[in-house]
Amino acid sequence: MTMTDIKSMTQEEITDALRAMGEPAFRGKQVFSWLHKGATDFAEMNNLSKPLREKLGKEFTITAPTVARKQVSRLDGTVKYLWELRDGNCIETVLMSYHHGNTVCISSQVGCRMGCKFCASTIAGKVRDLTPSEMLDQVLFTQLDSEKDISNIVLMGIGEPLDNRANVLRFLQLVNHPEGLNIGMRHISLSTCGVVPGIDALAEENLQLTLSVSLHAPDSATRSRIMPVNNAYDVEELFAACHRYFKKTGRRISFEYAMIDGVNDHDWQADLLTERIRGMPGHVNLIPLNDVVESEFKPSRRVAAFQKRLESHGLTATVRRSLGGDIDASCGQLRRKEMEAKERGQ
Ligand code: SAH
């Protein structure tokens with residue numbers, strides 16, 4: 001019999017399961033609260049009877065990753081965790097500290113199948129989706145290990161959240177729960193490479209989170225060259241979905257734009273980008289490209305000029321501050337190193 005992953009269950013589901021065992025409803029709350037405080041064994045739950053703890057231990061498992069590697073940036077204190085999951089797979093989480101609080105950047109899949117040409121996370125493809133509990137654990141155990149209260153979450157680590165939508169939505173519900181970590185939707189960002197049906201489905205949920213769209217090019221020819229997802233849902237369809245999303249939720253979308261030398265950094269592309277966003281309040285976040293060794297693309301030298309051009313059209317454009325430059329803190333680089341080391345038998 002496979003055991004049920006209890007931390008992926010909602011409080012109501014846990015309560016129902018306990019009720020079916022003949023327990024009163026408040027037991028559900030107690031168990032939920034223990035799990036969301038980071039309990040890794042039913043034996044720790046000392047306000048439950050011993051027989052009940054044993055019974056739970058036979059039916060349910062509690063996920064808990066172990067720290068495979070941890071790197072702390074000497075430049076800015078950014079921490080990168082490489083977690084090992086129960087099945088031996090590894091995922092990355094980054095903890096960034098700003099004046100306004102601590103942000104954790106979590107992964108949503110083991111690997112990624114989207115194939116963006118500049119991204120290290122996708123080189124070896126997707127292994128599997130993460131469960132809601134495995135996403136929650138990244139926040140929970142980062143908080144416990146670092147002893148820093150997490151105030152913000154960005155779903156911008158390894159994986160495509162809208163390619164694992166059901167689990168991601170459940171994770172959001174869990175992490176937002178008042179008796180759990182209670183992190184407000186307005187403190188959560190979800191980043192997608194542009195899975196149009198996923199954007200429409202998310203709009204239906206009408207959440208107060210921030211949607212980030214990894215655009216990286218405003219024209220289909222360039223976007224298809226660097227992002228295969230554009231062959232399935234091209235720029236025009238993507239922007240139509242963004243406009244629908246804004247109409248439905250009233251939430252401003254953030255467009256991510258990694259600046260690549262000679263590919264997407266021309267003035268005409270800034271002009272076209274402005275055209276496409278017109279009609280909704282968009283924010284453009286320019287990202288200095290992280291140099292991925294395996295990639296043919298190099299960082300642009302026109303970041304400031306491109307930003308000026310956007311601003312001259314009245315768009316708000318910011319340049320992302322790069323953190324953790326000394327610790328492989330960007331997308332998939334630490335996991336890649338670990339995989340390569342394993343291949344070499346180290
Ligand atoms: N799959 C989601 C979330 C993960 S990627 C998405 O595509 O949005 C998080 C962000 O990092 C995306 O905007 C992605 O395009 C960007 N990114 C990936 N590789 C990068 C690199 N080498 N330099 C700069 N940004 C990169």
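## From a packed helix to the sheet and its ligand

In this predicted model, the buried residues of helix H2 pack against four other helices, namely helix H1 (11-20), helix H3 (50-59), helix H4 (132-146) and helix H5 (165-175). Helix H2 itself spans residues 26-36, and its buried residues are Arg27, Gly28, Gln30, Val31, Phe32, Leu35 and His36. Just after H2 comes Gly38, whose phi is positive, at about 105°.

From these helices the reader can turn to the sheet. Ten strands form an open sheet with mixed pairing, and their order across it is E3-E4-E5-E6-E9-E10-E11-E12-E13-E14. Strand E3 (66-72) and strand E14 (316-319) stand at the edges, and because each has a single partner strand, one side of each is left without a neighbour in the sheet. From one strand to the next, the twist averages 25°. Within this sheet, strand E12 (residues 253-259) runs parallel to E13, and seven bridges join the two; Met259 of E12 has Pro288 as its bridge partner in E13. Helix H9 (residues 235-249) lies across strand E11 (210-214) and E12, and the direction in which H9 runs is at about 145° to E12.

The sheet also leads to the ligand, since strand E10 (188-192) and E12 each supply at least two residues of the shell around it. There are 19 residues around the ligand, and those that come nearest are Gly159, Ser191, Ser214, His216 and Asn290. Several atom pairs can be followed individually. An N or O atom in the side chain of Ser191 is 2.6 Å from an oxygen atom of the ligand, whereas for Gly159 a backbone N or O atom lies 2.9 Å from a nitrogen atom of the ligand. Cys193 also takes part through its backbone, with an N or O atom 3.5 Å from an oxygen atom of the ligand. Taken alone, the ligand exposes 540 Å², of which the protein buries 95%.

His216, one of the residues that come nearest to the ligand, deserves a second look for its backbone. His216 lies in the loop between E11 and helix H7 (220-226), and although His216 is not a glycine, its phi is positive, at about 70°. His216 counts as buried because its relative accessibility is 5%, below the 20% cut-off. On the other side of E11 in sequence, the loop between helix H6 (196-205) and E11 holds Asn206, another residue that is not a glycine but has a positive phi, here of about 50°. The relative accessibility of Asn206 is 37%, so Asn206 counts as partly exposed.

A last stop is Arg302, which is placed in the loop between strand E13 (282-288) and helix H11 (303-312). With a relative accessible area of 29%, Arg302 is partly exposed. Which residues does Arg302 contact, leaving aside its neighbours within four places in sequence? They are Met259, Asp265, His266 and Asp267, and Met259 has already appeared above as the bridge partner of Pro288. With Asp267 there is also a polar contact between side chains, at 3.2 Å. The C-alpha atom of Arg302 is separated by 9.9 Å from that of Asn264, a residue 38 places away along the chain.

Notes: Residues numbered from 1 in each chain as written. Predicted model: local features only at pLDDT ≥ 70, side-chain atom pairs only at ≥ 80, totals over all residues. Heavy atoms only, no water. Buried < 20%, exposed > 50% of the residue type's maximum accessible area, 1.4 Å probe, protein only. Contact = heavy atoms within 4.5 Å. Polar contact = N/O pair within 3.5 Å; in protein donor to acceptor, adjacent residues only side chain to side chain. Pairing = 2+ DSSP bridges. Axes fitted to C-alpha atoms, helices over the stretch in contact; angles between N-to-C directions. Near = heavy atom within 4 Å. Areas by Shrake-Rupley, 256 points an atom, 1.4 Å probe, with all protein chains shown as cover.
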